[in-house]
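Reader: I should like to understand how the terms used for a protein model are justified. May I ask about them one by one?

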Amino acid sequence: MSSKPQNRVPFNIVVIGQDGRLMYEALLFAASLRAMDPDFKGRLFIAEPQPGEKWDNDPRMKHADVLDAFKRLDAEILPFESRHFGQSYPYGNKIEALLALPEGEPFVFFDSDTLITGPLSSVPFDFSRPCASLKVEGTWPQIELYGPGYTEIWKSLYDRFGLDFESTLDLGQPDEYWKRYLYFNAGFFFYECPRKFGERFLEYALEIRDNPPEAASLQVFDPWLDQVALPLVIHSFGGARRTIPEDTLDGAISCHYRTFPLLFARESDHVVKVLRDVSAPNWIKKALKTYEPIKRLVYQPKGEKIRAMFDRDHLPRREQMIRNKIKKAGMWMR
């Protein structure tokens with residue numbers, strides 16, 4: 001067995017935590033990180049939006065058992081201000097939270113609905129060459145009859161920021177097919193400095209939202225704004241479609257499950273075992289069981305009932321078909 005390289009750069013991890021669903025998901029993320037990568041040397045931040053004019057209610061986490069569990073897991077609560085997004089576009093949390101992270105220290109951002117399923121420290125990140133999740137469907141742009149096509153829309157965005165468009169194309173994919181164009185899920189991304197990445201991410205997202213080029217002006221950016229801006233940011237920093245080995249994040253090392261019903265329906269036995277193992281300690285169970293979907297699916301039998309409805313080797317081709325089947329059985333919850 002080869003020994004782990006000793007020259008890996010230490011890095012920080014950040015997920016979003018706020019009152020409601022995200023704090024429970026963030027707790028599971030933290031528990032899975034500590035269980036699956038006990039040698040992780042960086043800091044784990046739970047970024048928490050603060051109350052202000054961008055929020056209708058106080059978004060801070062107030063559940064004492066959850067906060068106590070974060071302390072036991074050595075997860076640091078990181079307050080950040082919502083100056084541009086907040087309630088109207090909560091996906092903007094992942095942009096504004098970056099500006100509160102330690103400047104100049106490499107980071108990996110994960111969506112809260114993620115489990116660490118292997119030793120994250122073993123991933124050979126090149127923090128000077130960012131990438132993001134390719135676990136994505138062709139959700140944007142939505143092409144209108146007689147309107148601009150993929151090439152015209154995407155090129156207009158690259159042109160707006162003075163970026164080279166042609167070098168981003170996957171020429172192995174057909175023209176005007178969404179996979180030909182650089183497009184990510186924002187479920188994870190990384191870079192060598194959160195301040196630089198966050199400032200550019202914010203700049204691009206606000207410009208696209210407030211002043212889109214004509215070719216993209218009829219497109220809907222909610223909820224896709226972060227995923228529209230992200231490939232431009234990654235390309236601007238010299239990143240690419242994939243700069244880490246394929247079977248690492250979104251593979252053997254992490255699972256972006258999205259919702260608990262989808263996790264039980266389609267993820268591997270190993271992912272389900274990680275979920276059950278890390279949620280088993282009484283001090284974690286005390287915090288998690290107050291959230292109804294976790295209570296019903298993880299601690300009660302509904303998760304196994306959903307699992308029995310699907311053959312993981314022959315899943316429906318479209319996610320919506322999985323969702324519809326679970327909903328028809330009356331077991332969809334989030």
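Author: Let us begin with a term: helices are DSSP runs of H or I with at least four residues, numbered from the N terminus. In this predicted model, Pro223 lies in the loop between H5 and H6.

Reader: What joins Asp222 and Pro223, and what is omega there?

Author: Asp222 and Pro223 are joined by a cis peptide bond, with omega about 15 degrees. Another cis peptide bond links Trp140 and Pro141, where omega is about -5 degrees. Pro141 is placed in the loop between strand E6 (132-133) and H4.

Reader: Why is Asp74 called exposed?

Author: The relative accessible area of Asp74 is 53%. Exposed means over 50%, and therefore Asp74 is classed as exposed. Asp74 is located in the loop between helix H2 (64-72) and strand E3 (75-80). Its phi is near 55 degrees, a positive value in a residue other than glycine.

Reader: Why is Asp250 called partly exposed?

Author: Asp250 has a relative accessible area of 28%. Buried requires a value under 20% and exposed a value over 50%, so Asp250 falls in between and is partly exposed. Asp250 also has a positive phi, about 60 degrees, although it is not a glycine. Its place is the loop between H6 and strand E8 (254-256).

Reader: What makes Glu203 partly exposed?

Author: For Glu203 the relative accessible area is 47%. Because partly exposed covers the range between 20% and 50%, Glu203 receives that name. Glu203 belongs to helix H5. Its C-alpha atom is separated by 9.9 Å from that of Ile95, although the two residues are 108 apart along the chain.

Reader: How do you know that Arg200 lies over the face of Phe237?

Author: Arg200 is at 4.0 Å from the ring centre of Phe237. The distance limit is 6 Å, and the charge must also be within 35 degrees of the ring normal; Arg200 is therefore counted as lying over that face. Arg72 likewise lies over the face of Trp283, at 4.1 Å from the ring centre.

Reader: Which residues of helix H4 are buried, and what covers them?

Author: The buried residues of helix H4 (150-160) are Tyr150, Ile153, Trp154, Ser156, Leu157 and Tyr158. Their cover includes helix H5 (194-210) and helix H6 (225-236). Tyr150, Trp154 and Tyr158 are among the members of one aromatic cluster, which also includes Trp140 and Phe221. After H4 comes Gly162, with a positive phi near 70 degrees.

Technical notes. Residues are numbered from 1 along each chain as its sequence is written. This is a predicted model: local features need pLDDT of at least 70, side-chain atom pairs count only at pLDDT 80 or more; totals for chains, interfaces and linings use all residues. Side-chain values use heavy atoms; hydrogens and water are left out. Buried means under 20% relative accessible area, exposed over 50%, partly exposed in between (1.4 Å probe, protein chains only). Helices (H or I, at least four residues) and strands (E, at least two) are DSSP runs, numbered from the N terminus. Contact means heavy atoms within 4.5 Å. Rings of Phe, Tyr and Trp (its six-membered ring) pair if their centres lie within 6.5 Å; planes under 30 degrees apart count as stacked, over 60 as edge-to-face and the rest as tilted.
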